[in-house]
Amino acid sequence: MRSLRRGAGTGLAVLLTVLVAAAGCGLLGGGRNEALDGSWELFSFGDAAGPVVDDAGMVPTMTLDAGEVTGHSGVNQFGGSYTWSSDGTFEFEDVTRTAVGGTEAQMAVEQRFFDALEAVRRYEVADTRLRLSDGEGGDLLVFDPKGPGDR
């Protein structure tokens with residue numbers, strides 16, 4: 001019985017070591033991700049048709065920081081959380097926003113932005129550009145780094 005317990009304890013220690021190492025490498029996702037963390041401004045709505053940012057004269061922005069998202073849709077502030085994994089999966093969760101009104105064009109862009117956030121299932125960062133897609137290969141939101149010296 002004693003050797004069984006010792007073996008179980010060793011197995012648990014090995015499992016914990018593997019989990020900590022996997023989390024540190026980003027294999028489990030969540031937490032910090034140097035490629036994702038930072039401030040972003042919307043470049044385009046990707047592949048889909050609909051109102052564009054230029055129609056309303058506004059540029060939605062967001063900041064990603066270790067699983068937390070904050071930003072401005074161009075009309076309202078928003079915040080929530082997100083999860084990611086090293087295999088490219090990505091999802092926003094519990095996103096809430098203020099309730100300030102804007103022009104009809106601004107509200108159309110804002111609604112499209114929030115609808116896209118809800119539909120995001122994958123991410124890719126390439127050439128400093130962040131692409132958030134629907135998981136079927138279609139870009140929903142394409143962001144550039146915000147501010148001088150970002151990325």
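**Before the close-ups.** A residue is called buried when its relative accessible area is under 20%, exposed when it is over 50%, and partly exposed in between (1.4 Å probe, protein chains only). Please keep in mind that this is a predicted model, in which local features need pLDDT of at least 70, side-chain atom pairs count only at pLDDT 80 or more, and totals for chains, interfaces and linings use all residues. Residues are numbered from 1 along each chain as its sequence is written, and side-chain values use heavy atoms, with hydrogens and water left out.

**View 1. The whole chain has 3 helices and 8 strands.** These elements are DSSP runs numbered from the N terminus, with helices being H or I over at least four residues and strands being E over at least two. Starting at the N terminus, their order is α-β-α-β-β-β-β-α-β-β-β. Of the 151 residues in the chain, 35% are buried. Among contacts (heavy atoms within 4.5 Å) with a separation of 6 or more, 54% join residues 24 or more positions apart. The average pLDDT, the predictor's confidence in each residue from 0 to 100, is 80 for the chain, and 72% of the residues score at least 70. Over residues 11-28 the pLDDT stays under 50, and the model gives this stretch 10 contacts beyond four places in sequence.

**View 2. R32, D37 and D65 are joined into one network further down, starting here with the pair D37 and R32, which form a salt bridge.** A salt bridge here is a side-chain nitrogen of Lys or Arg within 4 Å of a carboxyl oxygen of Asp or Glu. The closest N and O atoms of D37 and R32 are 3.2 Å apart. The two partners differ in setting: D37 is buried at 16% relative accessible area, whereas R32 is exposed at 60%. Across the whole structure, a search finds 6 salt bridges.

**View 3. R131 and D139 form a salt bridge.** Their closest N and O atoms lie 2.8 Å apart. R131 is partly exposed, with 30% relative accessibility, while D139 is buried, with a relative accessible area of 16%. Turning back to the residues of View 2, salt bridges that share partners connect R32, D37 and D65 in one network.

**View 4. E91 and R121 meet through their side chains in a salt bridge.** The N to O distance is 4.0 Å. E91 sits in strand β5 (residues 90-97) and R121 in the loop between α3 (104-119) and β6, so this pair ties together parts that are 30 residues apart in sequence. E91 is partly exposed, with a relative accessible area of 32%, and R121 is partly exposed too, at 34% relative accessibility.

**View 5. E91 and R121 also help to line the largest pocket.** To find it, a 1 Å grid is laid over the protein atoms alone: a cavity is a set of points where a 1.4 Å probe fits but cannot get out, a pocket is an open set with protein on both sides within 12 Å along at least five of seven lines, and lining residues have an atom within 4 Å of a point. The largest pocket has a volume of about 180 Å³, a volume being the space filled by probe spheres set on the points, with grid points joined across faces, edges and corners. Among the other lining residues are F92, E93, D94, V95, F114 and D115. The elements giving two or more residues to this lining are β5 and α3, with β5 supplying the largest share, 6 residues. The lining consists of 4 nonpolar, 1 polar and 7 charged residues, where Ala, Val, Leu, Ile, Met, Phe, Trp, Tyr, Cys and Pro count as nonpolar, Asp, Glu, Lys and Arg as charged, and the others, Gly among them, as polar.

**View 6. T61 belongs to strand β2 (residues 61-65).** T61 is buried, its relative accessible area being 16%. Beyond its neighbours within four places in sequence, T61 contacts W40, E41, G71, H72, F78 and K146.

**View 7. A66 has a positive phi of about 50 degrees although it is not a glycine.** Most residues other than glycine have a negative phi. A66 is found in the loop between β2 and β3 (68-72), and A66 is partly exposed at 30% relative accessibility.

**View 8. D127 is not a glycine, yet has a positive phi of about 50 degrees.** D127 lies in the loop that links β6 (122-126) and β7 (129-133). D127 is exposed, with 74% relative accessible area. Its C-alpha atom is separated by 9.6 Å from that of D144, 17 residues apart along the chain.
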